[in-house]
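Notebook open, coffee poured. I want to go through this one piece by piece and jot down what I look up.

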Amino acid sequence: MQSTLLEELRRTVEGDVLSDEKTLIDFSHDASIFEVKPEVVVMPKDKEDVEKLVSFVADKKKNHPTLSLTARSAGTDMSGGPLGDSIIVEFSKYFSHKPEVKDDMAETEPGVFYRDFERETLKKGLLFPSYPASKSICAMGGIVNNNSGGEKSLKYGKTQNYVRKVKAVLSDGKTYEIKPLDKKELKEKLDQNNFEGGIYRKIFKLVTENRELIQENKPTVLKNSAGYNLWDIWNEQTGIFDLTKLWVGAQGTLGVMLSAEIGLVPVNKYREMIVIFLPDLSDLGKIINHILPFGPESFESYDDNTLKLALRYFPEFAKQLGVFGMIQAGMAFLPAFLMMFTGRLPKLVMQVDFTGNDQKELKKKVAELLESLKPLKLKTQVAVQDQEEKYWLVRRESFNLLRNKIRDKHTAPFVDDFVIDPQKIQTVLPQITDVLAKHPEFIFTVAGHVGEGNFHIIPIVDFGDKRVKAAIPKISEQIYEIVIKNGGSTTGEHNDGLIRTTYLRQMYGKKMVDLFREVKEIFDPHYIFNPRKKVGGSLEFSMNHLRHNW
Ligand SMILES: Cc1cc2nc3c(=O)[nH]c(=O)nc-3n(C[C@H](O)[C@H](O)[C@H](O)COP(=O)(O)OP(=O)(O)OC[C@H]3O[C@@H](n4cnc5c(N)ncnc54)[C@H](O)[C@@H]3O)c2cc1C
């Protein structure tokens with residue numbers, strides 16, 4: 001950034017304005033395969049600072065068209081969402097005040113780490129049930145703006161179900177409240193003769209005039225983060241117009257979030273878990289269909305490669321359970337160790353979790369499920385209280401294990417989050433893994449939310465291998481073709497970012513992509529916020545920014 005502009009920026013905001021090399025390198029990464037070096041990192045102190053920053057960029061953009069703002073909370077995104085080559089707006093330093101929990105909701109700032117948020121909600125026996133597997137490292141800003149999901153989303157749905165209100169700075173540099181409106185409130189907004197009124201009028205027109213196109217293109221899956229959520233904004237039956245549904249998951253492309261009100265649910269007292277070991281995937285569809293009607297809270301899975309890895313790095317990994325937990329985990333994992341030595345590891349481990357407040361009922365349900373599974377002759381185990389955490393640890397930590405433990409190779413999340421109808425897993429999953437199997441440069445693990453048909457395939461690659469750069473777009477296109485042909489979505493929860501924005505056209509077609517562009521330009525006509533995400537993605541830009549420094 002030009003030094004005069006930088007000086008002016010420093011005079012404009014009170015917060016930290018950092019442009020030293022170390023900071024810029026630190027902020028050029030998230031958990032994705034990309035590396036994009038920003039020009040400057042700003043840590044705004046308060047709301048006024050954010051407003052001044054947005055107005056600054058809006059004003060200077062005429063002479064400096066590449067200026068933009070990309071919001072960042074904890075930077076654990078897997079899609080390149082918080083990466084940008086201009087100004088990064090970092091929220092974890094000053095927007096991290098203790099959340100206020102009252103009744104059945106909490107008000108939070110974006111920079112609050114989920115682990116701190118949860119500590120406060122649990123004190124009141126409440127939980128935000130859409131926390132992601134990255135719960136110990138991510139923050140609320142990313143959870144809301146990515147529309148994150150997690151192990152409990154099968155029962156509770158994703159983040160969009162819990163965001164009641166968002167406070168955000170929009171492209172005119174002013175702060176607005178975004179919340180569900182009834183017909184009267186909507187009319188008041190539509191009648192406003194200002195920037196905000198214009199947004200409501202144009203979005204209302206867009207979703208009503210294109211109702212059929214939007215409905216025809218609704219992915220028939222249990223969760224979807226691809227594109228802008230145009231399906232849930234306007235509910236004609238209830239008369240509720242709710243722009244939070246559009247905002248949540250928009251990856252900071254419509255503005256910058258200052259705070260959010262998040263709904264919470266009571267924590268259930270009891271939990272029962274069944275672990276099922278599948279020798280192969282031949283009966284997978286049948287088993288999923290069999291289990292889902294029992295109404296589990298979570299239905300998760302991980303493959304033999306993930307399990308091998310967990311066993312290989314067992315001591316470091318189990319350290320997180322403490323000494324006592326480690327001994328218990330060691331005992332619980334003994335059969336898996338034996339299976340590994342005899343070469344008979346299960347192909348897939350499935351965890352089926354039930355919770356409730358009536359322990360007897362819960363045990364009855366688990367017994368019924370086990371009984372009904374008997375004809376399928378599967379190896380099952382009922383995890384006793386202290387074993388449950390161990391299985392969860394493997395599932396939650398599977399990606400982190402790969403990120404941190406494999407020498408010379410790195411995780412390459414690029415087809416990491418597709419969703420298909422769970423009924424189709426048995427036929428579609430092997431087609432997908434076959435595509436990868438043709439590339440020996442990719443070793444990969446599969447884990448995911450099997451109950452929702454949402455899979456995280458994470459290859460581990462050597463980015464120095466020239467074949468990798470060429471193979472990433474080729475494999476993505478082939479896999480997404482299979483997913484889309486089967487009515488699926490390219491992303492269930494990790495979102496589009498730099499990795500999937502360019503596939504939105506393949507998924508939805510030109511007319512829907514044109515609507516996404518219209519949405520972007522209604523909120524952000526001068527492209528101040530988070531360029532190349534959701535709209536305007538470029539495969540060339542993405543592939544030229546593959547990560548080299550680890
Ligand atoms: C080990 C691991 C496991 C993961 N497991 C899951 C999982 O189970 N489910 C899941 O959904 N994801 C998962 N993720 C991805 C990621 O952790 C989540 O999406 C998380 O919610 C991101 O939070 P963050 O605070 O790190 O966001 P960031 O990386 O900081 O940002 C994410 C996106 O939100 C935008 N954003 C951030 N703050 C703001 C703001 N104030 N205003 C506007 N936009 C903003 C950014 O621009 C970016 O586009 C995982 C990641 C890792 C590394």
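**Core.** I started at Ile203 and skipped its neighbours within four places in sequence; what remains in contact with Ile203 is Ile233, Phe241, Leu243, Leu246, Val519, Ile522 and Phe523. Note to self: this is a predicted model.

Next I looked up the largest nonpolar core, which has 58 residues. Ile203 is one of those with the most contacts inside this core, along with Leu230, Leu243 and Leu246. I then checked where the core residues come from: helix α21 (residues 510–523) gives the largest share, 6 residues. Apart from this core I found another, of 55 residues, with Phe354, Leu369, Ile499 and Phe541 among them.

**Sheet.** I traced an open sheet of 7 strands with antiparallel pairing. Reading across, I get the order β18-β15-β17-β16-β20-β21-β19. Which strands are at the edges? I have β18 (379–383) and β19 (410–411), each pairing on one side only.

I zoomed in on one pair: β20 (residues 443–449) and β21 (residues 454–461) run antiparallel and are joined by 7 bridges. For a single example, I picked Gly448, whose bridge partner in β21 is Phe455. I also looked at what packs on the sheet and noted helix α15 (residues 359–373), which touches β15 (270–278), β17 (348–356) and β18. The direction of α15 makes about 15° with that of β15.

**Thr220.** Where does Thr220 sit? I found Thr220 in the loop between α9 (211–216) and β11 (234–235). Buried or exposed? Thr220 counts as exposed because its relative accessible area is 60%, and the cut-off for exposed is over 50%. I still logged a polar partner: a polar atom of the Thr220 side chain lies 3.3 Å from the backbone oxygen of Gly487. I also took one distance, C-alpha to C-alpha: Thr220 and Gly295 are 20 Å apart in space, and 75 residues apart in sequence.

**Ligand.** I listed 36 residues around the ligand, and the ones that come nearest are Ala71, Ser73, Thr76, Ser134 and Gly149. Then I went through some N and O distances. The side chain of Ser148 has an N or O atom 2.8 Å from an oxygen atom of the ligand. At Gly142 I noted a backbone N or O atom, 3.4 Å from an oxygen atom of the ligand. For a nitrogen atom of the ligand, I logged Glu493, with a polar side-chain atom at 3.1 Å.

Terms used. Residues are numbered from 1 along each chain as its sequence is written. This is a predicted model: local features need pLDDT of at least 70, side-chain atom pairs count only at pLDDT 80 or more; totals for chains, interfaces and linings use all residues. Side-chain values use heavy atoms; hydrogens and water are left out. A nonpolar core is a set of buried Ala, Val, Leu, Ile, Met, Phe, Trp, Tyr and Cys residues joined through side-chain atoms within 4.5 Å. Buried means under 20% relative accessible area, exposed over 50%, partly exposed in between (1.4 Å probe, protein chains only). Helices (H or I, at least four residues) and strands (E, at least two) are DSSP runs, numbered from the N terminus. Contact means heavy atoms within 4.5 Å. Two strands pair if DSSP finds at least two bridges between them. Axes are lines fitted to C-alpha atoms, for helices over the stretch in contact, and angles run from 0 to 180 degrees between N-to-C directions. A polar contact is a pair of N or O atoms within 3.5 Å; within protein, one must be able to donate a hydrogen and the other to accept it, and residues adjacent in sequence count only if both atoms are side-chain atoms. A residue is near a molecule or strand if one of its heavy atoms lies within 4 Å of it.
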